[in-house]
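Biologist: I'm new to this one. Can you show it to me and walk me through the main parts?

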Amino acid sequence: YEVTLVMETKEGRSGDTAVEDIETWMDKAFDMAKDALQNGEVPVGCLMVYNSEVVGKGRNEVNETKNATRHAEMVALDELLNWCHSSNLDVSRVSRNTVLYVTVEPCVMCAAALRLLNIPTVVYGCRNERFGGCGSILDVSSADLPQTGNTFKCVSGHRAGEAVEMLKTFYKQENPNGINAYLNLPFISVLLLFLHLSFYFFSPQTKNEEGLIIHDHICRMIVLLLLIKDFFKLHYVT
Amino acid sequence: MSNEEHIGLMEPPPKRWKGPMCVTEDSWVAHPVLSDEESQDIEMIEAFAAPIVDKKETSRLVRELGSIHPLNGLEHLKRVRAVKDKASPHSLEVLLCLVHDAPDTEAPVSIDSLLSSAVSSEGLGQPFVVNVPARAPLTRPQFELVSKQWPTSFHEDKRVTLALKGELFSPEQKARMQSYMMSAVAAAEAGKELGMEAVGAAMVDPSTETVVAVGHDCRADHPLHHAAMVCIDLVARSQGGGCYRFDRYPSCSFTPPDSDVTAQPYICTGYDLYVTREPCLMCAMALVHSRIGRIFYGTGSADGAFGTKYKLHSQKDLNHRFEVYEGVLGRQCEELKK
C-alpha cells in the first residue's frame, strides 16, 4: 500500500471549512495517519491548508527521531514555516489564515503550539482521551493564556470512528506489557502442549481412552479459536 | 544597639565569599510545586458533636453511632476527641453526624432528635456544632491546621514534609543542583547575546551526575524553539535521533551518542531538567511526553504550566506524574528576565 500525497494547488473553492473541503483534506490527513501506522508510529496525520493550498503536512514520527515532541502537527508546522520562508511570505500572515486538518484531537503540547502560531481553526476527527488539548484533558484552545498566542476554533467528529480504530490497532500491537502480549499464538500453543503432556504423563484419569479424546478435543478447539481470532485481527490491520 | 551589631543580626556574613558574583547554596531554596489538593487549605464542613458526660458509655456510643451515622467518605475523622482544656467538666467529645445529614429539627437541637430511637442518649451532653475537614490532609501543614478543629488520621509522606521545610536536599546535592542551573543560566546569557529570549535549560542524568544536554531559547529562528524544546531535541541527538541542527550555537550542546545503545534511556526517562524559567504549556507537555524525571526551575512565568496557570505534573488524567521544584538559583534566574 503506497501512500501518495498529491499537493494540490488552488482548487478554486472559497470558504475554508466547507463540508466538501473537510472531506477532501481529511482524506489526505487519513492517508498520512495510515503511513504512520505502517511505519510503527502512532497513527495521526495532518494537513495545513492555506488559501486552498497544502502548505504543510505531517504524521507522527516520534520513534524515528527519538524525540517525543514529533507529533504530526509539529512536523506540519515546521513544513509551514519552511514554506513561508521559501515563498518569502510573512509567517504570521500565513498562519493566521491557515486551517489544520488532523485525524485526532491535538494534544496539550500541539494545541499550545498552534496557539503560539495563531492558527485560527482546527478540524479534527476523534477525541484524544489520553492527551487531548481541545477539551479532553485541558481546553488549551479556549483557555485564558495571554502569553500563549490566540485561541482557536475547533470542528470535530469527521470520521471519528475510523480514527479511533486506527489508534486502537496501533496500541494493540504496540504495548509489549499489555495482556495481548501473552495471548499470542506461539505462547498459548506451547503452554497447551505442556499441559497436554503433563496430563498424559502425570494424571492417571486421562489415561483411559475417553478422557484422552475429550482432552485432545478441547486442546484442538482452543488452538482453532485462537487461529480464527488472529486471522481476523491480521485481516483488520491491513 | 549599635548600628554595626544591627547589620550583623539582620544579615549573617556569607560563609564563602569569593567575590561579587559568588552565590552560596544557602541563598536559595528549592520549593516543591505541589498539587492543589496538597497545597490549598482543606474545605471544612459543619458537624454535630456532643460531650461524653459518662465515660463508661463511650464504647457503646462509638459502636451504635457507627451503625446509625456511619462516616461515609469521612473515614479520616476520628469519632472521639479528648478535650484539651483541663477545666472542662468532661474529658471526651464524640462526633454525631454532619449537619446536612441531620434530621430536620428546630433550634435548639436536642440530643434525642439527632439519634434514632434505637440509640440511647445516655451519657451524652448537649450537642454543639464543630467544623471538621471534608477530606484527609495530605501534608503536615494541612494536618496541623485541621487537627486544631477536629482530630484526623494522617499518612505522612516524609519526603513532602522535608521538601516543604526546604530540607530535602543535602548541601552536596544543592551544590550540584546549583552548578547545573549555572550552566542553564550561562546558556540563557549566551542566547540573549544572539537576540534570543534569555532562557536556558540543562538536561541532567542524575544516576551518573552528568549533563546530557544544554540549550537556550532559539525563538529568533523558529517560534517554537523554546529552551526546553531545544534540550529535548538535543537529548534525541545524543541518542542518535533528533531532527534539528543547533550546531551553529556553541551554547547548545549535547554529550555525543553512547556507543552502547542499550545503556540509553527511553527518550528522557529518569532525566532531570534544570530550566531558568517555568516552562510554558507547550514545553511542559513536551516534557510529559518525554517522560521527564524531575523538573527544577528558577522562577515563575506568566502562563507557566508547572505552578502558575496549570500544574501539569499533578494533572489527574495524565499518566505521567513527577516532582517539580521552583526557586533553584531564583534570584539569578529572575535577573535574566530584565
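Modeller: Reading along its sequence, chain A runs α-β-β-α-α-α-β-α-β-β-α-α-α. Helices (H or I, at least four residues) and strands (E, at least two) are DSSP runs, numbered from the N terminus. This is a predicted model, in which local features need pLDDT of at least 70 and side-chain atom pairs count only at pLDDT 80 or more, while totals for chains, interfaces and linings use all residues. Residues are numbered from 1 along each chain as its sequence is written, chains are lettered from A and ligands numbered from 1 in the order in which they are written, and side-chain values use heavy atoms, with hydrogens and water left out.

Biologist: What does the secondary structure of chain A come to?

Modeller: Eight helices and five strands.

Biologist: And what share of chain A counts as buried?

Modeller: Of its 238 residues, 45%. Buried means under 20% relative accessible area, exposed means over 50%, and partly exposed is in between (1.4 Å probe, protein chains only).

Biologist: How many of the contacts in chain A join residues at least 24 apart?

Modeller: 60%, among contacts between residues at least 6 apart in sequence. Contact means heavy atoms within 4.5 Å.

Biologist: Now the two chains. How many residues of each are in contact?

Modeller: 30 residues of chain A are in contact with 31 of chain B. Between them the chains bury about 2500 Å², and 70% of that is on carbon and sulfur atoms. Buried area is the accessible area (1.4 Å probe) that two parts lose on being put together, summed over both.

Biologist: Which three residues supply more than any other three on the chain A side?

Modeller: A:Lys66, A:Phe131 and A:Leu138, with 21% of the area that chain A buries against chain B.

Biologist: Back to helices. How do H3 and H5 of chain A cross?

Modeller: The axes of H3(A) (residues 72-86) and H5(A) (residues 108-116) come within 9 Å and cross at roughly 25°. That makes H3(A) roughly parallel to H5(A). Angles under 35 degrees count as roughly parallel, over 145 as roughly antiparallel, 65 to 115 as roughly perpendicular and the rest as oblique. Axes are lines fitted to C-alpha atoms, for helices over the stretch in contact, and angles run from 0 to 180 degrees between N-to-C directions.

Biologist: Which residues make that contact?

Modeller: H3(A) puts in A:Glu73, A:Met74 and A:Leu77, and H5(A) puts in A:Met109, A:Cys110, A:Ala113 and A:Leu114. They divide into six nonpolar, no polar and one charged. Here Ala, Val, Leu, Ile, Met, Phe, Trp, Tyr, Cys and Pro count as nonpolar, Asp, Glu, Lys and Arg as charged, and the others, Gly among them, as polar.

Biologist: Do those helices turn up elsewhere? I mean, what covers the buried residues of H9(B)?

Modeller: The cover includes H3 and H5 of chain A, together with H8, strand E9 (272-277) and E10 of chain B. Nine of the nine residues of H9(B) are buried, including B:Leu281, B:Met285 and B:His289.

Biologist: And H8(B), how many of its residues are buried?

Modeller: 12 of the 12, so H8(B) is largely enclosed by the rest of the structure. Among them are B:Asp233 and B:Arg237. The end C-alpha atoms of H8(B) (residues 227-238) are 16 Å apart, which agrees with the expected 16 Å at 1.5 Å a residue. That expected span is 1.5 Å times one less than the number of residues.

Biologist: What comes just after H8(B)?

Modeller: B:Gly240, with a positive phi of about 85°. Just after H9(B), B:Arg291 has a positive phi of about 60°. B:Arg291 is in the loop between H9 (281-289) and E10 (294-299) of chain B, and is partly exposed at 26% relative accessible area.

Biologist: Why note the sign of phi?

Modeller: Because most residues other than glycine have a negative phi. B:Leu329 is not a glycine either, and its phi is positive at about 55°. B:Leu329 is in the loop between E11 (323-326) and H10 (330-336) of chain B, and counts as buried at 0% relative accessibility.

Biologist: One last loop. Where is B:His69, and what does B:His69 touch?

Modeller: B:His69 is in the loop between H3 (58-68) and E3 (80-82) of chain B. Leaving out residues up to four places away in sequence, B:His69 touches B:Arg79, B:Leu96, B:Cys97 and B:Leu114. B:His69 is buried, with a relative accessible area of 14%.
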